[in-house]
Amino acid sequence: MGETAGNFTGRLKAALTGTRDAELVFLGNFEVEDQWARGEPGLPRLTFGSGNVIVNRMDEFALLLAGKDDHVVLKGEPDADYLSHLEELGLDLPGMLVVERQDPGSTVTQDALEDQPVLRELGRLGARGGVLSAHGVGELEERLAERAGIPLAAPSAAVCKAVNSKIYSRRLATELGIRQSRGWTCASLAELDAAVEAARALLADGRRVALKDAFGVSGKGIEVVADERRLDRLHRMVLSRARKTGDDRVGLVVEEWVAKRADLNYQFTVGRDGRVHFDFVKEALTEGGVHLGHRIPARLTERQTAELTEVSRLLGGRLADDGYFGVVGVDAMVDPDGGLYPVVEINARHNMSTYQASIQESFIGSGSTALVRRYPLRLGAPLPFGTLRRALADLLFDPARGTGLLINNYATVNAAASTGKRAPGAGFDGRLHGIVVADSEDRLAALDEEVGRRLAAVAETTKRSAGSTAMGRQPSAAPSWLPARREPHIDTAPAPLQGAAEPQRTSPDPLGREERG
Amino acid sequence: MEHTTPDVDTADAADTTDLYGRAVATIADSLAKAMQVDAATITENSRLFDELGLDSTTVLGLLMTIEEELGLEFDTDDLEQHHFETVGTLAALVREQADEQAAEQTGA
């Protein structure tokens with residue numbers, strides 16, 4: 001991405017390898033937690049549906065993190081018009097190692113492991129000093145590096161897994177004296193029994209309690225309960241499985257679900273030499289409990305930012321002591337009085353924000369306000385970038401103006417088109433990731449709304465062209481249920497953006513759903 | 001839509017046809033509340049993920065609601081993707097698991 005992109009990526013290279021001009025090969029293996037969670041006794045895991053097909057194509061985010069002398073392993077060739085668009089924005093694209101035959105249900109790592117030309121090329125890059133930088137490191141990434149003959153710029157999968165457990169996060173925060181909600185780590189059935197009893201007292205006091213999977217993907221694997229009946233039911237589910245397997249280990253955290261004004265996400269980088277660099281903090285925007293995206297800059301006081309910087313130093317130091325180096329994202333919360341819960345969970349891997357760091361440096365000026373967005377789409381047929389570009393036209397980012405929509409992944413739009421499991425005439429879900437940049441709050445909201453409106457219109461044309469009719473969603477469902485938890489659905493009217501973050505939803509939900517960024 | 005599920009203690013456990021119907025009603029009711037739509041628009045052929053927006057973060061909550069409403073306990077190890085295709089396939093799973101639990105109790 002040329003000189004402008006150098007700061008963050010250069011610093012990342014220095015942290016991972018000791019030199020700013022290392023040749024990195026990026027691997028966007030999102031939801032590496034699935035590997036870490038395997039065999040771990042957390043909440044019952046029920047991972048179904050087409051969600052992973054879209055998540056697996058988040059590999060394309062790595063294009064905008066890599067520098068021009070770097071490389072990216074991809075599941076599929078990016079849309080040629082999208083690449084041209086990125087180049088017109090002034091981005092120098094990295095080399096691309098595209099697998100020949102991708103399985104939509106597989107991660108980029110799994111596909112690469114099956115692809116001899118990609119393995120050979122990785123080996124060639126490794127032989128000349130290139131190193132592999134994964135989104136997060138599990139055993140599959142270790143296997144890929146070993147099979148191809150390229151070093152991983154990361155600690156071992158075992159270390160990465162250990163420091164990503166929510167049990168580790170909670171214990172570390174306790175040890176360092178960092179403020180947390182009341183809670184208990186449960187590594188055994190006995191600890192779970194004690195935690196359930198303690199949680200009962202919180203429920204009796206009218207509070208809510210969350211049971212969190214130690215290796216849940218951020219925002220998933222969380223069950224929030226408001227009454228003892230549901231608490232006991234979850235407890236029974238865990239006990240019943242333990243009885244069957246004869247394993248009395250548990251991987252859960254039980255904690256009070258506290259009131260908050262806003263969610264935060266901040267990132268720091270731990271170098272191989274143990275040095276810690278605070279990168280940035282972003283604010284998660286919600287509206288009525290619906291996650292809308294991240295806001296740049298976060299609305300924090302200097303004191304709050306200083307506190308997060310200090311917490312980063314403390315956490316980073318301990319992570320380094322435990323053998324970790326690389327990117328660390330931390331979820332945090334602001335309470336209704338402005339106090340911080342600086343550690344809700346530690347994600348010692350790349351985060352969504354990591355992939356925005358370089359474009360943020362290049363395109364988002366200090367006077368700008370930006371909103372990191374996911375626009376859900378319901379499509380009847382694949383939507384080429386060229387069509388989308390014509391539809392959005394003047395709304396796309398203009399470097400001269402410094403405002404507009406920056407699209408930072410296009411693969412997720414059509415990812416679910418090729419799964420081959422759709423019923424005739426049925427549509428498929430897609431997702432457009434972008435960053436809306438404007439010079440004022442009002443214009444940001446207006447731009448976001450207009451992008452949503454145009455996307456809805458262009459999505460509609462794909463249904464007509466596919467000859468499909470009703471998509472099974474009811475007009476009154478707007479925003480429909482799937483994205484309603486996280487974002488308004490572009491199939492219908494996008495929700496208007498309001499500035500302030502909302503507190504956690506307090507109305508009871510029949511399915512006990514909760515929202516996280 | 002109000003729950004019309006009869007009291008599980010008085011329900012005839014052997015009447016699996018009725019249990020299937022009650023499971024469909026419970027699933028439709030739960031999802032309708034979550035989606036804020038009329039439960040009457042949800043049929044046993046409605047697809048849970050593609051049409052009704054079920055996902056991995058909400059499926060456990062749905063299962064617990066079914067357990068509470070219908071008085072059974074799922075064996076979560078037995079759950080497979082095909083059980084979650086439609087409202088009807090999930091209701092069939094409810095009937096299947098209730099049958100198994102009844103058989104276990106009879107055998108005990």
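**Exercise 1.** In this predicted model, identify which residues of helix α8 of chain A are buried, and state which elements these residues pack against.

*Solution.* Step 1: helix α8 of chain A spans residues 157-164, and its buried residues are A:Ala157, A:Cys160, A:Lys161, A:Val163 and A:Asn164. Step 2: the packing partners of the buried residues of α8(A) comprise four helices of chain A, namely α2 (33-37), α7 (139-148), α9 (166-175) and α12 (302-321), together with β13 (340-347).

**Exercise 2.** Determine what span is expected for helix α6 (residues 116-127) of chain A at 1.5 Å a residue, and compare it with the distance between its end C-alpha atoms.

*Solution.* Step 1: the helix has 12 residues, and the expected span is 16 Å. Step 2: the end C-alpha atoms of α6(A) are 16 Å apart, which agrees with the expectation.

**Exercise 3.** Establish where the buried residues of α6(A) lie around the axis, and what covers them.

*Solution.* Step 1: the buried residues of α6(A) are A:Val118, A:Glu121, A:Leu122 and A:Leu125. Step 2: these residues lie on the same side of α6(A), because they cover an arc of only 100° around the axis. Step 3: an α-helix has 3.6 residues a turn, so residues three or four places apart point the same way. Step 4: the face turned away from the buried side of α6(A) carries the exposed residues A:Gln116 and A:Ala127. Step 5: the cover over the buried residues of α6(A) includes β1 (24-27), β2 (71-74), β3 (95-98), α5 (108-113) and α7 of chain A.

Definitions and conventions: Residues are numbered from 1 along each chain as its sequence is written. Chains are lettered from A and ligands numbered from 1 in the order in which they are written. This is a predicted model: local features need pLDDT of at least 70, side-chain atom pairs count only at pLDDT 80 or more; totals for chains, interfaces and linings use all residues. A residue is buried if 20 or more other C-beta atoms lie within 10 Å of its own, exposed if 12 or fewer, and partly exposed in between; C-beta atoms are placed from the backbone. Helices (H or I, at least four residues) and strands (E, at least two) are DSSP runs, numbered from the N terminus. Two residues are in contact if their C-beta atoms, placed from the backbone, lie within 7 Å. The expected span of a helix is 1.5 Å times one less than its number of residues. The arc is that of the directions from the helix axis to the C-beta atoms.
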